[in-house]
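Got a minute to look at a chain together? Open the structure, turn it around a few times, and then read on.

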Amino acid sequence: AKMARQQLARAWTEHFAALSRFDKEQFLPPKRFCLPPNSRKRPGILRQIAVQTRRSFLIIRRNWIIKFIDTLLIVGAVALISELEGIYDITKDVNPMVPYE
């Protein structure tokens, strides 16, 4: 693995040396620059909580019909399966005559 890595490094160095100035610029790191000052004030924690709470209520209000339909489908499927299966008979004696010793 070490020899393969050395061969790849050597091949890349030779390839990079053969590139034109325009093609080399594509692989060179960008020039240093200063970041702009942060002029935006970050909202406080209470403001973030209020925004996220409003957002949650908006999503709940928008999706309530779908959730209601899903609930009806699940309850209906459970009721249908229960009706199709019928009532099970108990296979074990409810009051077995086991002496306490």
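Here is a walk through the model, from overall fold down to a pair of side chains.

First off, keep in mind that what you see is a predicted model. Its secondary structure amounts to three helices and zero strands, so along the sequence you read α-α-α, counting helices as DSSP runs.

Now zoom out. The C-alpha trace spans about 95 × 50 × 40 Å along its principal axes. The radius of gyration is 36 Å, while a compact globule of 101 residues would come out near 13 Å. Burial tells its own story: buried residues are just 1% of the 101 residues in the protein. The accessible surface adds up to about 11100 Å², with 64% of that belonging to carbon and sulfur atoms.

Some of that nonpolar surface gathers in one place. Trp64, Ile65, Ile66, Phe68, Ile69, Leu72 and Leu73 make a nonpolar surface patch of about 750 Å². One of them, Leu72, sits in helix H3, which covers residues 45–85.

What about charge? The protein carries 17 positive and 9 negative charges, and the mean positions of the two sets lie 30 Å apart. Side chains of opposite charge can pair when their charged atoms come close. In this structure there is one salt bridge: Arg21 pairs with Glu25, with the closest N and O atoms 3.2 Å apart. Why are these two separated by about one helical turn? Because Arg21 and Glu25 are four residues apart in helix H2 (residues 21–27). As for their surroundings, Arg21 counts as exposed at 67% relative accessibility, whereas Glu25 is partly exposed, with a relative accessible area of 45%.

How values were computed:
Residues are numbered from 1 along each chain as its sequence is written. This is a predicted model: local features need pLDDT of at least 70, side-chain atom pairs count only at pLDDT 80 or more; totals for chains, interfaces and linings use all residues. Side-chain values use heavy atoms; hydrogens and water are left out. Patches are made of residues with over 30% relative accessible area and no salt bridge: like charges are joined within 9 Å, nonpolar side chains (Val, Leu, Ile, Met, Phe, Trp, Tyr) within 5 Å. Accessible areas come from the Shrake-Rupley method with a 1.4 Å probe; for residues, only the protein chains shown count as cover. A salt bridge is a side-chain nitrogen of Lys or Arg within 4 Å of a carboxyl oxygen of Asp or Glu. Helices (H or I, at least four residues) and strands (E, at least two) are DSSP runs, numbered from the N terminus. The radius of gyration is taken over C-alpha atoms; the globule rule is 2.2 Å times the number of residues to the power 0.38. Buried means under 20% relative accessible area, exposed over 50%, partly exposed in between (1.4 Å probe, protein chains only). Lys and Arg count as positive and Asp and Glu as negative; His and the chain ends are not counted. The place of a charge is taken as NZ of Lys, CZ of Arg, CG of Asp or CD of Glu.
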